[in-house]
Amino acid sequence: MQQIEVIRQLDHRFQHQEPFGNSSKIVLRVIERYKFALDVLSRQDARLRALMERVEALDTASVNVLFGDLLVRAALETAISKLETTGPVGAVRDTFPAVLGEALDSLEEGRGMSVARKAMGRDFTVGPSGRTWVWDLADTPSRVGDLLRDSIRTGFMPGAQSSVEIIRPTPRMVEGLERACELLRRLVPQMAQSVFLHLHCIAVANIRGARGRMLTGSGGDGTPCMIFIDPDELENPWDTAGHILHEAIHLKLSDLIRTGAIVTDDDPVELPWGRRTALSNSVFAYHAYAHMQVFREAVKHLGPDCYAEFGAPRDYDAPAHAMSVVKNDVKPYSRAEERLAYLHSQLSGPLSPRVTPYGRELVAWLWDTVRPLVDGVTTGGTAPRAAASTPSPVSSSRAPSSVRYRQGRNLSLRRSPASEVLFALDPTSQKIVTLNLSAWLAFELCDGKTEEEVLTSYTSSLGLGAERAWAQLAPTLRGLESSGMIEQVAEGGAP
């Protein structure tokens, strides 16, 4: 098969696989999670109760703008964190209902703008359909402007010894961003379309980290749905396209893990390219390197058709870094594909027990997908070459019993067939629980049935053999019980 055809197939596969690739579904699950959290929080706040009906009435595009707004999403994430630690009382900051109401007013007036975007001095947009706006906040004090400045000051990579100074862009800077977005679309069109669903804002900024100047960054929940790019990078469309893809891929994984944990603990790991970082950051890096490998191959094989319009990568001077398609170092682990192979060998090997089953499935899928492009890659001679791995199915050491289960009492639920998940809040733990379709089915079957009866119905519904069905169902029931979603019925007790 021609390499160009391989690249196009992988570009498509990375964006359409379930549950890890389909950005439309991922965004929809995030939206449903926020609606559920708002519903729970509104029971303690009359102001939010008055706004919930308006939120529910929004179409998908509008509600995505709403929950992609920096102020709305950051406040919601803070409220959810408080909800899951101290409960719903006092979880909502006093400023949030007013911001949410203002955001809804803006959407309903037909402008389709978030509160943050409306506060900008000029309305610059880039990317597919011009839906990603460029930060251009004027220095003039204003209520929303002050909230945005405070959010950036306190929310950008907290605890990471980092700082960011946002620059008001020149038209040439915006043009540089748009050229890079167009080049990205030419090279990996499916990937570009996908990641821009998660990317609402780009800020041009001087970024400093613990090790000095940073070329790009994304700040986490404090600065959600946005990325930051150094102004000196914008003259080089090839690496700028890679920067946008790299950081937007991080945003995609951030949205993905809002409804599914990927690690069991987040203690740091040592990486041979001189980094000590949290385990989850290692998964984020692995996820980005896998996608970037497709981009790198697209630059090599599809890029020459773009040279007349964008110049060739060799025409640009660039700082050497692992993600660059213009310049890499020659020392071990200086290339993204070396780091990808090393991280796979670790995440599917010695670090695997610290990764959840969901995370192990993600790790295996990424490697199996990108492997046609990385077979033969060495890892600097200090780590074993990674081999493909597929998590083995969890088996149960016991047979189904006559124990009966019922659904937990006083659960708050949101059933979302469109996003194929069920959300719940256990009143005891206060944790938001997300169930995929198979776990949702098991939960619904726990209406006083015995394990044996649940297995019979589960097997029939999914069309599985009894042994395979029980291998899935047994750990699912254990998880549902430990999270408070179901409970055992005492002998002779009411279902």
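Visitor: What is notable about the phi of Met157, just after α8?
Guide: Met157 has a positive phi, about 45 degrees, directly following α8. Please note that this is a predicted model, where local features need pLDDT of at least 70 and side-chain atom pairs count only at pLDDT 80 or more, while totals for chains, interfaces and linings use all residues. Residues are numbered from 1 along each chain as its sequence is written, and side-chain values use heavy atoms, with hydrogens and water left out.

Visitor: What makes a stretch a helix or a strand?
Guide: Both are DSSP runs numbered from the N terminus: H or I over at least four residues for a helix, E over at least two for a strand. Helix α8, residues 143–155, has 13 residues, and the protein has 18 helices and 15 strands.

Visitor: How does the span of α8 compare with the one expected at 1.5 Å a residue?
Guide: The expected span is 1.5 Å times one less than the number of residues. From first C-alpha to last, α8 reaches 18 Å, close to the expected 18 Å.

Visitor: Which residues of α8 are called buried?
Guide: Buried means under 20% relative accessible area, with exposed over 50% and partly exposed in between, using a 1.4 Å probe and protein chains only. In α8, Val144, Gly145, Leu148, Ser151, Ile152 and Gly155 are buried. They cover an arc of only 125 degrees around the axis, taken from the directions to the C-beta atoms, and are therefore on the same side of α8. As background, an α-helix has 3.6 residues a turn, so residues three or four places apart point the same way. Counting heavy atoms within 4.5 Å as contact, the buried residues of α8 pack against α5, α6, α7, β3 and β7.

Visitor: Why is β12 described as largely enclosed?
Guide: Five of the five residues of β12 (421–425) are buried, so the rest of the structure largely encloses this strand. Val421, Phe423 and Leu425 cover one side, and Leu422 and Ala424 the other.

Visitor: How do you know which strands pair with β12?
Guide: Two strands pair if DSSP finds at least two bridges between them. β11 (412–416) and β12 have five, in the antiparallel sense, and Leu413 is bridged to Ala424. β12 and β13 (432–435) have four, also antiparallel, with Leu425 opposite Ile432. Each pair is a hairpin: four residues separate β11 from β12, and Glu420 in that turn has a positive phi of about 65 degrees. Six residues separate β12 from β13, where Gln430 in the turn has a positive phi of about 65 degrees.

Visitor: Why are β14 and β15 said to stand at the edges?
Guide: The open sheet has three strands in the order β14-β10-β15, paired antiparallel. β14 (447–450) and β15 (486–488) each have a single partner strand, so one side of each lacks a neighbour in the sheet. β10 (404–407) and β14 are joined by two bridges, and Arg406 stands opposite Asp447. Helix α16 (437–445) packs on the sheet, touching β10, β14 and β15, at about 95 degrees to β14; such angles run from 0 to 180 degrees between N-to-C directions of lines fitted to C-alpha atoms, for helices over the stretch in contact.

Visitor: Why does the radius of gyration agree with a compact globule?
Guide: The rule, over C-alpha atoms, is 2.2 Å times the number of residues to the power 0.38. For 495 residues a compact globule would be near 23 Å, and the protein has 24 Å, so the two agree.
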